[in-house]
Every structure is written in structure tokens, then in C-alpha cells.
Amino acid sequence: MPNRYPRDFRGHGPEAPDAAWPNGAKVAISLVLNYEEGGENNILHGDDASEAFLSDIAGAAMWPGKRHWNMESIYEYGARAGFWRLHRLFTGLNLPITIYGVATALARNPEQVAAMVDAGWEVASHGWKWVEHKDMPEEIERAQIAEAIRLHTEVVGTPPKGWYTGRCSANTVALTAETGAFDWISDTYDDDLPYWRECGTRDQLVIPYTLEANDMRFATAPGYIEGEQFYQYLKDTFDTLYAEGTAGHAKMFSVGLHNRLIGRPGKIAGLKRFLDYALSHDGVWFATRGQIAAHWAAHHPHQRFERPSEMDAVTFVARFGGIIEHSPWIAERAFALELGPAHDSAAGLQNALVRMLRSASDAEKLGVLNAHPDLAGKLAAAKRLTADSTAEQASAGLDALTDEERATFTRLNAAYVEKFGFPFIIAVRDHDKAGILAAFARRIANDHATEFNEGLRQVERIALLRLKAILP
């Protein structure tokens with residue numbers, strides 16, 4: 001198999017599905033509270049150094065082999081004060097919350113866990129420890145995922161049904177999906193809607209998260225320096241998404257929060273303003289990520305299809321060798337390209353095929369043009385067209401011509417071939433009989449170079465229309 005490119009730049013494509021949120025909501029808001037206090041890097045936890053990430057300490061750095069008292073104290077504020085301030089806010093407004101809970105942090109914070117459970121909040125897993133995973137060997141990360149599930153279940157009383165590592169590796173999504181334990185995984189930031197990811201035989205739902213509508217920007221540069229800035233950014237995001245939802249393009253809005261950050265008095269004021277603002281609008285669905293996952297699974301179940309980028313060479317050429325008429329060599333060359341998820345759509349695969357046509361020699365291009373049949377010509381009369389050509393000509397009524405129309409096509413075909421040395425080619429699905437005849441009369445006046453290029457452009461268009469019949 002040639003090199004395949006795994007990244008997916010297409011996603012839902014130009015026509016994203018209608019989210020169809022409950023009660024016609026224009027936007028779904030997911031409030032996420034990260035619970036990391038007690039799971040961060042600390043030599044007391046068996047780590048090599050202290051924590052340095054997401055605090056109010058400017059220029060923080062890890063201290064190898066030492067405790068960082070100030071850093072510990074800031075994390076402790078999140079558990080001792082920030083959490084309870086947020087708990088009062090959310091329960092007072094009766095808002096559903098998703099907790100990203102680090103398993104070891106939850107184990108060290110039993111009263112807060114009890115409060116989460118009593119409030120009916122969704123408690124998802126945020127990994128075993130709040131540490132960096134980018135250099136972690138796959139087998140160790142797999143073991144830590146298993147331990148996170150075990151410890152979370154022991155501490156919370158129910159297993160986690162959602163997952164977000166955050167400081168993840170390139171293996172994290174695949175490793176969490178392979179457990180089969182999660183209704184949703186959020187270790188991506190690549191969309192405004194949930195989507196399905198095929199992980200082996202498992203269809204895993206992914207609910208993308210956010211690093212920008214996130215209070216972590218209070219601790220990173222460039223970022224927020226006051227609650228009002230956080231409020232304004234959330235409001236602007238909400239207004240944009242609400243307008244899109246009003247226009248029939250409803251999306252999801254994730255808001256990321258941390259006890260030790262937004263839990264500070266001056267910062268939480270901005271969050272309060274935003275929540276009041278959002279609650280003043282009709283058509284807003286505040287939901288846990290689990291509720292969003294259940295809705296998406298029910299209304300947008302995954303449909304697998306045979307993906308061009310995953311086919312072997314024989315299958316690929318058999319499926320697509322006739323997309324450009326009688327020219328399987330184009331598909332053979334396209335198979336050798338760096339194909340990936342972006343080429344599993346009609347537009348994507350058409351691009352791969354026509355790249356090979358565009359880079360072909362003039363003699364090869366002429367061969368492609370001559371591989372196409374005359375419109376309503378002898379091959380059609382003898383019923384010797386390919387299935388695609390037969391259906392295309394029939395779509396424009398070229399299989400049911402009057403004697404006069406047939407004579408006109410015969411005359412034009414002969415004149416065109418005599419002048420240019422290849423048959424007249426047009427994407428007939430774009431036209432009716434009158435439009436085709438008008439194009440015939442217009443184009444026969446072109447010079448050879450112009451018509452050669454126009455014929456190739458029509459071949460590309462025909463290929464796209466054929467692929468749209470079989471691919472997304």
C-alpha cells in the first residue's frame with residue numbers, strides 16, 4: 001500500500017448535517033469543568049518534578065526533584081475555594097455540567113466528588129494523572145488508561161463514559177477508542193459538531209473540545225487579563241453560533257473551565273455575565289457531553305462505506321478505472337498518490353484522478369478524449385456504450401431522438417471530429433438536448449487548442465458527476 005495520509009481535513013464537508021438539537025435549539029452549550037487538583041505533577045505523586053502548567057505564576061517552570069509550594073497552593077485553591085464557588089453558581093442556575101476528572105485528583109477530593117454526584121453532574125475521565133503524555137510509550141499509556149477507568153469507577157461509583165486526556169499523545173484517541181468503554185472522546189479541537197471516527201471495527205463518537213473558549217487563556221499568552229474579556233469572547237462566540245443556528249446551521253459551543261482559574265472572584269464575574277446572557281435567549285440547549293453524545297448517536301448514526309484511501313490497488317482500479325472513460329491507467333497512477341480521508345469524497349477523489357490527467361502527456365490526453373463516444377452516435381445505436389455513458393446520454397434524452405435530431409447530431413459529430421481529431425465531449429447531465437446542441441454549434445468555432453482544453457475540462461466535470469453518484 002502506498003503512503004497514506006491519516007489527517008482528515010474534510011470533516012463533515014461543505015454541507016454539515018443539521019444537528020437537529022432538541023426542541024429546535026439554535027446552539028448546544030457544553031460547560032466543562034476540569035478537575036485536576038491533586039492529579040498534577042508533584043514529587044509526592046511519584047513524579048520527577050513539580051507542575052508548571054496553567055497557574056497564575058508567571059513564567060512557571062518545573063522544579064526537578066522538588067516541591068513547588070506556591071504552585072501546590074494555587075492548585076489547592078481550586079479544590080478548597082474555586083470548586084465550591086463554581087458549584088454554587090451552577091447548582092443555583094440548575095445547569096448541567098460535565099466534569100473532566102483526573103482519577104488521582106478525584107481520589108484525593110472525596111467531598112467534591114460527592115458534591116458532583118449529588119448535583120447529577122456527568123463525571124468523565126481526564127486520565128489517570130494530569131501529566132504530559134506526548135513521549136509516553138504506547139503500552140504505558142494503554143496501562144494508564146486502564147488504571148484511570150478502574151480508579152475512577154472505584155472512587156465515583158460508576159465507570160466513566162466519556163474521556164479527555166488533554167495533554168495527550170498521537171496514540172491517545174486510538175487507545176481510548178480501543179477500550180470500547182466510552183460513548184464519547186474529546187481529545188480533538190477540529191470541529192463545531194460531533195463526528196464519528198472509525199477505529200478498527202469500532203465506530204467511536206468524537207465530541208471536539210476547545211482551547212480558546214477556555215479559561216486557560218487567563219494563564220497563557222496571549223490571553224485574558226480580566227473577567228470582562230472572557231465574557232466578551234464567550235458572548236461573541238455565542239452570538240455567531242446563535243446566528244448560524246437561526247439560519248439553519250446549528251452547532252455546539254464548548255466552554256472550558258478550571259477551578260483554580262475561573263474560580264477566582266475577579267474571573268468568575270465574567271462567566272456569570274455570560275451565563276446570564278445565554279440564559280436570556282430562547283433556543284439554547286445547555287447539555288452535558290453525554291447528552292450531546294446520546295442525541296448525536298440517535299439522530300446521526302454512523303454509516304460506513306468503502307473508502308478509496310483504504311482500498312488495495314486491484315479494488316481501487318476496478319471501482320474507479322472507468323470514471324474517466326476507458327482510461328484505467330489514470331486510476332492506477334492516482335492510487336500511488338498520498339491519498340487520505342480527504343480523498344474519500346467525490347470532490348477529493350476526482351481531484352486525485354484529474355491530477356493524473358493534467359500531468360499526462362499530450363498524447364495520453366488525446367487518447368482520453370478519443371476514448372469518449374460520439375453523442376448519440378453509432379456506439380449508442382449499437383448499445384455498446386459503458387453503463388455510465390448510457391445513463392448520462394439517456395438523462396439528456398439522447399436515447400430518444402427524432403430522425404431529424406439524430407441527423408443533426410450525426411452531422412455535427414462528423415464535422416467536429418474532422419476539425420479537431422477527437423469527439424465532442426460535454427457533461428450531458430448539466431444540459432438538456434437544446435443546451436447540448438447550442439454548445440455544439442458554439443464550440444465548433446473554437447480553435448484546436450481551446451477546444452482541446454475544453455474537452456479535458458468536460459472530462460473532469462464528467463468524472464466529478466460520476467463520483468458524486470457513489471461517494472459522499
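What is the volume of the second largest cavity? It comes to about 40 Å³, in a model that is predicted. The count is two cavities of 30 Å³ or more, and there is also a pocket to look at, with a volume of about 1,500 Å³ for the largest one. Below is a quick tour of those spaces, then of some helices, strands and one alanine.

**The largest pocket**
- With a volume of about 1,500 Å³, the largest pocket is lined by 44 residues, and the closest to its centre are Asp8, Tyr195, Trp196, Arg197 and Pro341.
- Two elements, α5 (172-178) and β6 (195-199), give two or more residues to the lining of this pocket.
- Strand β6 provides the largest share of that lining, with five residues.
- If you sort the pocket lining by chemistry, you get 18 nonpolar, twelve polar and 14 charged residues.

**The two cavities**
- The largest cavity has a volume of about 160 Å³.
- It takes 15 residues to line the largest cavity, and Leu375, Ser389, Glu392, Ile426 and Ile462 are the ones nearest its centre.
- Helices α15 (387-395) and α18 (448-468) are the elements giving two or more residues to the lining of the largest cavity.
- That lining splits into nine nonpolar, three polar and three charged residues.
- For the second largest cavity, the lining is made of Glu40, Asn41, Asn42, Ser50, Glu51, His68, Met71, Glu72 and Tyr75.
- Sorted by chemistry, the lining of the second largest cavity has two nonpolar, four polar and three charged residues.

**Helices α11 and α13**
- Helix α11 covers residues 328-335, and its buried residues are Ile330, Ala331, Ala334 and Phe335.
- Looking down the axis of α11, you find those buried residues within an arc of 135 degrees, so they line one face of the helix.
- The general background is that an α-helix has 3.6 residues a turn, so residues three or four places apart point the same way.
- Among the elements covering the buried residues of α11 are α10 (313-320), α12 (346-358) and α13 (362-370).
- Over in α13, the buried residues include Lys365, a lysine, along with Val368 and Leu369.
- Down the axis of α13, its buried residues sit within an arc of 100 degrees, so they too line one face of their helix.
- The cover over the buried residues of α13 includes α11, α12 and α18.
- Helix α18 therefore turns up in two places here: it is part of that cover, and it gives residues to the lining of the largest cavity.**Strands β2 and β3**
- Strand β2 (residues 98-101) pairs with β3 in the parallel sense, over four bridges.
- One of the partnerships links threonine 98 to glutamate 122 in β3.
- Strand β3 runs over residues 122-125, with Glu122 and Ala124 pointing one way and Val123 and Ser125 the other way.
- Whichever way they point, Glu122, Val123, Ala124 and Ser125 are all buried.

**Alanine 28**
- You'll find alanine 28 in strand β1 (residues 27-35).
- Alanine 28 counts as buried because its relative accessibility is 0%.
- Valine 284 is 256 residues from alanine 28 in sequence, yet the two are 6.2 Å apart in space, C-alpha to C-alpha.
- Leaving out residues up to four places away in sequence, alanine 28 touches Trp21, Lys251, Met252, Phe253, Trp285 and Ile292.

Technical notes. Residues are numbered from 1 along each chain as its sequence is written. This is a predicted model: local features need pLDDT of at least 70, side-chain atom pairs count only at pLDDT 80 or more; totals for chains, interfaces and linings use all residues. Side-chain values use heavy atoms; hydrogens and water are left out. Buried means under 20% relative accessible area, exposed over 50%, partly exposed in between (1.4 Å probe, protein chains only). The arc is that of the directions from the helix axis to the C-beta atoms. Contact means heavy atoms within 4.5 Å. On a 1 Å grid over the protein atoms alone, a cavity is a set of points where a 1.4 Å probe fits but cannot get out, and a pocket is an open set with protein on both sides within 12 Å along at least five of seven lines; lining residues have an atom within 4 Å of a point. Grid points are joined across faces, edges and corners, and a volume is the space filled by probe spheres set on the points. Ala, Val, Leu, Ile, Met, Phe, Trp, Tyr, Cys and Pro count as nonpolar, Asp, Glu, Lys and Arg as charged, and the others, Gly among them, as polar. Two strands pair if DSSP finds at least two bridges between them.
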